[in-house]
Amino acid sequence: MRYRITHITRYTSGDPVSVGQNQAWLRPRVCDHQQVLRYRLKIDPPPSVQTERNDAFGNPLASFAFNEGYRQLTVTARGTVEVLPRPEIDPERTMDWETQAGFVAWPATADDREALQFRFESPRIPLSPALREFAEPSFPAGRPVLAGALDLTARIYKEFEYKPQSTTVNTAVSDVLKQRKGVCQDFAHLQIAALRSIGLAARYVSGYLRTTPPPGKPRLVGADATHAWLAVYCGPAGWVDLDPTNNVIPGTDHITLAWGRDYSDVPPLKGVFIGGGEMRLEVSVDVEPLEDAETGV
Amino acid sequence: MPTDALLVEPDWLLGGYKAPPGVYDELRAPEGGIRPQWDLFREAFRHLSADEFQRRTKLAEEQLQENGVTFNAFGEEGESQRPWRLDLLPVVLPPSEWNEVARALDQRARLLNAIIDDLYGEQTILATTKLPPSLLYGHPFYQRSFHGLPIGKGRSLCFYAAELARSPNGQWWVMADRTEAPAGAGFALENRIVSARLMPQVMHKVGVERLAPFFLRLQDSLRRQSPNAVSSPRVVLLSMGPRNNLYFEDVYLARYLGYTLVEGNDLAVRDDQVFLKTLSGLVPVDVIFSRGFESGLDPLELGGGAPQGVSGVLQAIRAGNVAVSNRPGCGLLEAPAFMAYLPGLCRELLGDELITPSIATWWCGDPQALDYAFGRFEDLVIKPALQASGGTEVLPGEMTAVQQAELKAQILSRPHAYVAQETVARSASPVWTGQSTGVGHLAFRCFLTGDDDGYSLMPGGLIRVAPTTAPMQLSISAGAGSKDLWICADRPVEPVSLLSPEKEPVKLRRSGALFPSRVADDLYWLGNALDRAEFLTRLLRAVVERLASESDTAYPELPQLLHAMADQGQIEASFAVEDFAKVLPRLEENLLTSLFDDGESRGLARSIAEMQRLARRTRDWLSADTWQTFNHSATRFKEAGETSKADLGDLLEALAELRVNLASTVGLLADGMIHGPAWRFLEMGRRIERGRNIARLLKSTLLTRQPADKHTLRAVLEVLDCRMTYRSRYLDNLQPNGVLDLAITDETNPNSIGFQLAALSEHVDTLPEIAGTPLRSEEKRLVMAAVHQVRMLTPDELVQPISPELRSSVDKVEQLLKQLSDVLNRHYLVHASSPRQILPENQ
């Protein structure tokens, strides 16, 4: 499936910003199931310096800074991405979760060692006995790791209410667990926290989701949003993505931007500035499916 | 070396000292004689009486106090200050022993350096499992942002401290590693300087190795870190600021090493280069000697707003434009858990056996180690595995069975977060108790600096003393006191010192140290607050005088003055718009309470509080007298607020006193301050604020739709302090154009808008140019535009009825002054606000 993505972030400030430095995780990551055909990051006003490199998790990361003042910053990421179907994995044939946890704890392979990075507390994901208790019903002794993880995904989908504005970007996982509502970022953090609390490795995935308009209605341009889900490490079966907000295993509707231990490793845009007064943020995301022949602008 | 054991030793010196059994005695050999390295020391003391020694001890205390050697010495008011304590009796070690320590610690520093480079690079020691990967990945201070930072010139671990103890058989053990920003070297130096002043002959006789060559080496190591090919790289010492309890040491080291002391806000990153913001513009920085927590180094990538944070500094390191020393990431190794793996890592990375062992350590994240630790639970100390060890260790041996079980459960819930360690009964040495000597147990802090050639050990160090052999906290402020460590030289000691000799004439210069723009910023706002306070005082006095008047005279100008006060933000706007007769009683009430309320953001009390705060921060740049008058004005005003809220008479008195106090401050500033950049920024802050205040006053009183009456004209002259001048020119003939000329266009009147603009024009001309434009700077253009507005006014425009052109000109000038303030802030004083994180997008 091929998409043309336009992601516009605009910061408008009351007073001029005197100096600003930013980092953006906006270039879709190239991975087994995803090719990036074109990509362009347009920054207005033009920054005085701009570089791109890979971060410690292998995500493309753009850094840019301003020396001159501005009142409005517009960051536009445009890309054309090809998302390929992923191999199907039979959840019942994955390794039992206890063994899997053991392999992660004392890694013998490079893959296991890589996975171990994602099994500890991270800045946005502290672990707690409550999270462990929350995870346990999905993981009876000997259950295959992916079967258990899918069960947990389904439980979050059923037991939690998706409610925009019910949380902020800083809402703690423990609060989400208590109030039983949140947005996709919260559900991703919650499931990651639950999986880590029983010793499994899980990582946060930032990206986009194709939205399908109601039957008979045209697709609304710019009405999409960024999305977040997670991936759980299943040893020989590799990393398997899970979307607790929609209770699905992501396929060709999910476009991957970047992954990390939690949101704080891969926010679409972060930055520091001086001055600026009151700041307003507007985000517009457009995920446009393309016909096979089109390649996008 | 004379080893005559029959030398008569002064009883007072060592007589009272007897090391307890079961610990190593630094003074006496097991057979009972004094260890040979102490012979010369003892001999040098033969002619010194106990009283004389005590006298010198007192002198040492005084000297330390005078030098301000304290923790929190520079803290805000009200914080406790702890004096530094030095026992003049040193610990003496022979060169043979010290060389062994030097060899061992050189190896250890090379090992730690290799571990850091590997962990933030290839991570081969994880692949070979010489280090359990979970130890790194579960480490809360393992920062991904530090991963892959280029390994610059010189060592990642450039400055390192090891905490040593000696077990009963004399064996050295490393109790802790300090790799982030080791503290204590400055205190060791201060101890040495004081000891040398008070016991010069003793020191000379013993032949003590000097410390200065070590600091020369440190300077050299830091210089070599520079990624830029410049002959003399600029090194700055990055401090956590006055609130940090080791600020004394930062100031001391910066002065001794000749580096500019900076806080995060003093540095700016532009185009991936780090600059020191000085008033002569941005000065490139090559090496940052960082004294703070690395986790606060870069607010952009690591979050937070730590005082030592410099947004974008990591990107500048990546771009190869600056070196931060120690390399960010070194702090990881302060975690005691690493000690369990050093022998294996030493074989793997250096191909050597570890010479001096660490205190035996078991990391509970390893199941086997955990079993072992639980097996010997009562003999061990339990402490956090991943934090630099401090005062949080516990002793299961002193616990009840129930407490032990609880501790075990706690460990089992997060085993990777704990280590178990053995303890060492620390060696003993004599300590001075005032009349004779008693027993102290020693912690040795040793300092190393290194480059590609290896590491040099400071010949000396900081010794902390504890009264018992119980485990000792590692903070350098812990312990009952400190001692100097004397290493006997095995050759004649050459005099080397970094302090300039006192008897040479100074080299003449007209400017001081680099003038950081943080100071300019504070001075600018100090000038601003001072003038605001002055102006409000005059305005308030005019109002209160009228309100308090005993006579029944009506004051038709009061509504205009209230309008002016409301426009200044001193009172609520409603007082100015409502029917005057109605608000009067409420107004008196309001003034009595609001005048001293510093919660009102633009009110007088707040301006005074702000003035006091800024004066405190810029104390180094003001004369002692000036500083005192600032402080005095504010303190007296606060006192007046506390004692007299009774009536308008009290208020009037307080305002009168404040007026006089502020005037004396202004006088001292004008007369006593060098007219350099510091003064200019203070002046610009004052002039801009005054220009705006006059403009606002005129707009709310005279430049209104209704022609102003004589009372209002008189009141304006009063607030502007020009009644005498007016009278001398026009006698009692009050006319708007005469008043407006005096308030706007007359550049000889210090209280006119024109005067402020002329002064600003001169100040702005001296500002360092901002490179890149051949045309006039924004600041100059703004001032010129404002001057133009005023100078182009015609006599007709000042005549009644007041022309809209005049109002719009004054309006324009006020706006230009506001813009000038913004531009000055943006170009020179970006400290006015701290960096903030942008709003994150919720996913």
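Which residues of helix α1 (residues 97-105) of chain A are buried? This is a predicted model, so let us look for the answer in its coordinates. The buried residues of α1(A) are A:Trp97, A:Gln100, A:Ala101, A:Phe103 and A:Val104. Viewed around the helix axis, these residues span an arc of only 160°, and therefore they lie on the same side of α1(A). The spacing makes sense if you recall a rule of helix geometry: with 3.6 residues a turn, an α-helix points residues three or four places apart the same way. And what does that buried side of α1(A) pack against? Its partners are three elements of chain A, namely α2 (110-116), α4 (145-159) and β9 (226-233).

Staying in chain A, turn next to strand β5 (residues 70-83), which pairs with strand β1 (residues 2-24) in the antiparallel sense, over 12 bridges. If you would like a landmark for this pairing, find A:Ile5, whose bridge partner in β5(A) is A:Gly79. Strand β2 (residues 34-44) of chain A is also joined to β5(A), here by 10 bridges, and these two strands run antiparallel as well. A:Val36 is a handy place to see it, standing opposite A:Val81 of β5(A).

Now move over to chain B, where three strands make an open sheet in the order β8-β9-β10, paired antiparallel. At its edges are β8 (267-270) and β10 (281-284) of chain B, each of which pairs on one side only. From one strand to the next, the twist averages 45°. Look within this sheet at strand β9 (residues 273-278) of chain B, which four bridges join to β10(B) in an antiparallel arrangement. There, B:Lys277 faces B:Leu282 of β10(B).

Further along chain B, another open sheet awaits, with three strands in the order β13-β15-β14 and antiparallel pairing. Why does one side of β13 (361-363) and of β14 (381-384) in chain B have no neighbour in the sheet? Both strands stand at the edges and have a single partner strand each, so one side of each is left free of a neighbour in the sheet. Neighbouring strands here are turned against each other by 25° on average, direction ignored. To follow one pairing in detail, take β14(B) and strand β15 (residues 418-421) of chain B, which pair over four bridges in the antiparallel sense. B:Ile382 shows you where to look: its bridge partner in β15(B) is B:Ala420.

Conventions:
Residues are numbered from 1 along each chain as its sequence is written. Chains are lettered from A and ligands numbered from 1 in the order in which they are written. This is a predicted model: local features need pLDDT of at least 70, side-chain atom pairs count only at pLDDT 80 or more; totals for chains, interfaces and linings use all residues. Two strands pair if DSSP finds at least two bridges between them. Axes are lines fitted to C-alpha atoms, for helices over the stretch in contact, and angles run from 0 to 180 degrees between N-to-C directions. A residue is buried if 20 or more other C-beta atoms lie within 10 Å of its own, exposed if 12 or fewer, and partly exposed in between; C-beta atoms are placed from the backbone. The arc is that of the directions from the helix axis to the C-beta atoms. Two residues are in contact if their C-beta atoms, placed from the backbone, lie within 7 Å.
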